[in-house]
Amino acid sequence: MEHSTTLITTIAAAFGLALGLGYIAVRLKMPALVGYLVAGVLMGPFTPGYTGDIPLTQQLAEIGVMLLMFGVGMHLSLEDLLSVRKIALPGAVLQISVATAMGMVAAHLWGWSVGAGLVFGLSLSVASTVVLLRALESRGSLETLSGRIAVGWLVVEDVAMVVVLVVLPPLAASLGGTAPGVGETASLGRTLAITLGGVVLFVVLMLAIGRKVFPWLLLQVARTGSRELFTLAVMAAAVGIAYAAGKLFGVSFALGAFFAGMVMRESEFSHRAADESLPFREAFSVLFFVSVGMLFDPSLLWREPARVLAVLAIIIVGKSIAAFGLVLLFRYPLNTALTVSASLAQIGEFSFILAGLGVTLGLLPLEGQNLILAGAVVSIALNPLVFGAIEPARQWILARSRLAR
């Protein structure tokens with residue numbers, strides 16, 4: 001009896017290629033994620049040979065994003081986030097504004113419309129949660145002051161992008177969009193109110209009710225003494241709450257999983273839950289990097305090198321300098337400013353979603369989407385090197401700046 005093996009084929013190819021190329025990357029003294037990205041390029045439609053199922057891989061990668069954010073939520077409490085709100089909230093808003101402005105200037109110089117420049121700039125302004133978490137966890141910095149600020153910063157960015165994804169369609173016609181029937185009669189104020197109301201309602205329900213209900217359910221499962229049931233309960237909570245958050249409240253899956261982890265943190269079994277879900281988080285996060293590589297057309301690097309370099313300059317240099325200055329302006333230590341800057345020197349999942357929506361609405365040219373993908377792949381590959389430069393940069397600044405000392 002014949003049956004489809006698309007899922008099995010995609011997972012087998014992704015894990016196999018990622019393992020082999022990740023091993024080669026490590027042996028060459030490069031981060032393993034570079035190998036994962038190359039594995040995705042080899043599986044993608046722009047490389048001769050095997051072509052993976054891109055939509056299927058992206059869905060599997062979304063599970064990885066959920067599980068990673070769930071794990072972060074179990075490490076960081078609401079008090080941790082509130083303790084950095086005075087810098088994370090204004091810092092993220094200002095940094096998004098600066099990066100968007102830089103993207104709009106570049107788009108204007110290339111002859112694109114204002115709407116295209118807006119979508120392009122916003123796509124370059126938001127960093128990847130997965131890349132940030134991998135970098136912070138590998139350095140043991142997740143629960144430090146710098147790590148809490150970086151995570152809080154990205155939580156604000158995620159909320160901002162959820163709002164942008166909702167309000168962009170009603171604005172598309174006025175921004176020069178060509179998609180037929182794009183929300184011309186929709187009320188922007190009503191749409192925005194519904195979106196923000198859904199986010200607030202979800203957060204209130206999770207903090208008021210979820211903090212009592214879900215730890216209690218985890219306790220009942222733990223009392224059975226079954227390890228597999230406990231692991232299943234953790235996975236069901238992470239993915240189920242994230243899915244419900246997206247479908248019922250309009251919250252992103254990643255943000256929903258993050259708050260699921262925060263309420264699970266109230267359980268006495270939170271450390272065990274984090275340990276049990278770790279292998280799944282690691283495996284599915286690999287699929288995220290593979291899915292990014294599958295979208296990348298490597299020929300763009302030699303067809304449009306100047307534009308790719310401009311995009312990378314905005315992501316790695318422009319955003320980092322803006323964040324660096326903002327953190328110092330709030331009188332935080334030099335090391336914190338450098339860590340937050342390195343954390344934001346890449347783009348990822350929300351950038352792809354926003355770029356895809358921009359193309360669908362007729363706002364962003366296809367070339368813009370390809371440049372965003374190129375910027376994402378290269379900036380993700382370079383991000384470990386950016387983090388590695390933190391200490392040399394700190395020493396260099398201290399040696400030359402009396403103010404820094």
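What volume does the largest cavity have? This tour of a predicted model begins there: the volume is about 40 Å³.

**First stop: the largest cavity**

A search of the whole structure returns two cavities of 30 Å³ or more. To see the largest one, select S77, L78, L207, R211, M262, V263 and E266, which form its lining. Colouring the helices is useful at this point, since α9 (188–222) and α11 (253–264) each contribute at least two residues to that lining. By class, the lining of the largest cavity consists of four nonpolar, one polar and two charged residues. Rolling a probe the size of a water molecule over the atoms shows where empty space is left.

**Second stop: the second largest cavity**

Next, select L295, F296, D297, L300, N370 and L373, the residues that line the second largest cavity. The space inside this cavity comes to about 30 Å³. Its lining comprises four nonpolar residues, one polar and one charged.

Keep D297 selected and add R303. These two residues form a salt bridge, in which the closest N and O atoms are 3.2 Å apart. Is D297 buried or exposed? D297 is buried, because its relative accessible area is 16%, under the 20% limit for that class. R303, by contrast, counts as partly exposed, at 46% relative accessibility.

**Third stop: a salt bridge between α17 and α14**

Now select E367 and R307. The two form a salt bridge, with 2.7 Å between the closest N and O atoms. E367 belongs to helix α17 (residues 366–388) and R307 to helix α14 (residues 305–329), so this pair ties together parts that are 60 residues apart in sequence. E367 is partly exposed, with a relative accessible area of 25%.

**Fourth stop: a salt bridge between α12 and α10**

Select E276 and R227 next. Their side chains meet in a salt bridge of 3.3 Å, N to O. Why does this pair tie together parts that are 49 residues apart in sequence? The reason is that E276 lies in helix α12 (residues 270–294), whereas R227 lies in helix α10 (residues 227–249). The two partners also fall into separate exposure classes: E276 counts as buried at 13% relative accessibility, while R227 is exposed, with a relative accessible area of 56%.

Add R272 to the selection to complete the group: R227, R272 and E276 are joined into one network by salt bridges that share partners. The count of salt bridges in the model comes to six. In general, side chains of opposite charge can pair when their charged atoms come close.

**Fifth stop: a nonpolar patch on the surface**

Switch to a surface display and select L201, L205, I209, V213, W216 and L217. Together these residues form a nonpolar patch on the surface, with about 530 Å² of accessible area. Within the patch, focus on L217, which is found in helix α9. L217 counts as partly exposed, because its relative accessibility is 40%. Helix α9 will be familiar from the lining of the largest cavity.

**Last stop: T6 and L56**

Finally, select T6, which is placed in helix α1 (residues 6–27). At 33% relative accessibility, T6 counts as partly exposed. How far apart are T6 and L56 in space, C-alpha to C-alpha? A distance drawn between the two C-alpha atoms gives 8.6 Å, although T6 and L56 are 50 residues apart in sequence.

Note on methods. Residues numbered from 1 in each chain as written. Predicted model: local features only at pLDDT ≥ 70, side-chain atom pairs only at ≥ 80, totals over all residues. Heavy atoms only, no water. 1 Å grid on protein atoms, 1.4 Å probe; cavity = no way out; pocket = protein on both sides within 12 Å on 5 of 7 lines; lining within 4 Å. Points joined across faces, edges and corners; volume = space filled by probe spheres on them. Helix = DSSP H or I, 4+ residues; strand = E, 2+ residues; numbered from the N terminus. Nonpolar A, V, L, I, M, F, W, Y, C, P; charged D, E, K, R; others polar. Patch = residues over 30% accessible without salt bridge, like charges linked within 9 Å, V, L, I, M, F, W, Y side chains within 5 Å. Areas by Shrake-Rupley, 256 points an atom, 1.4 Å probe, with all protein chains shown as cover. Salt bridge = Lys/Arg side-chain N within 4 Å of Asp/Glu carboxyl O. Buried < 20%, exposed > 50% of the residue type's maximum accessible area, 1.4 Å probe, protein only.
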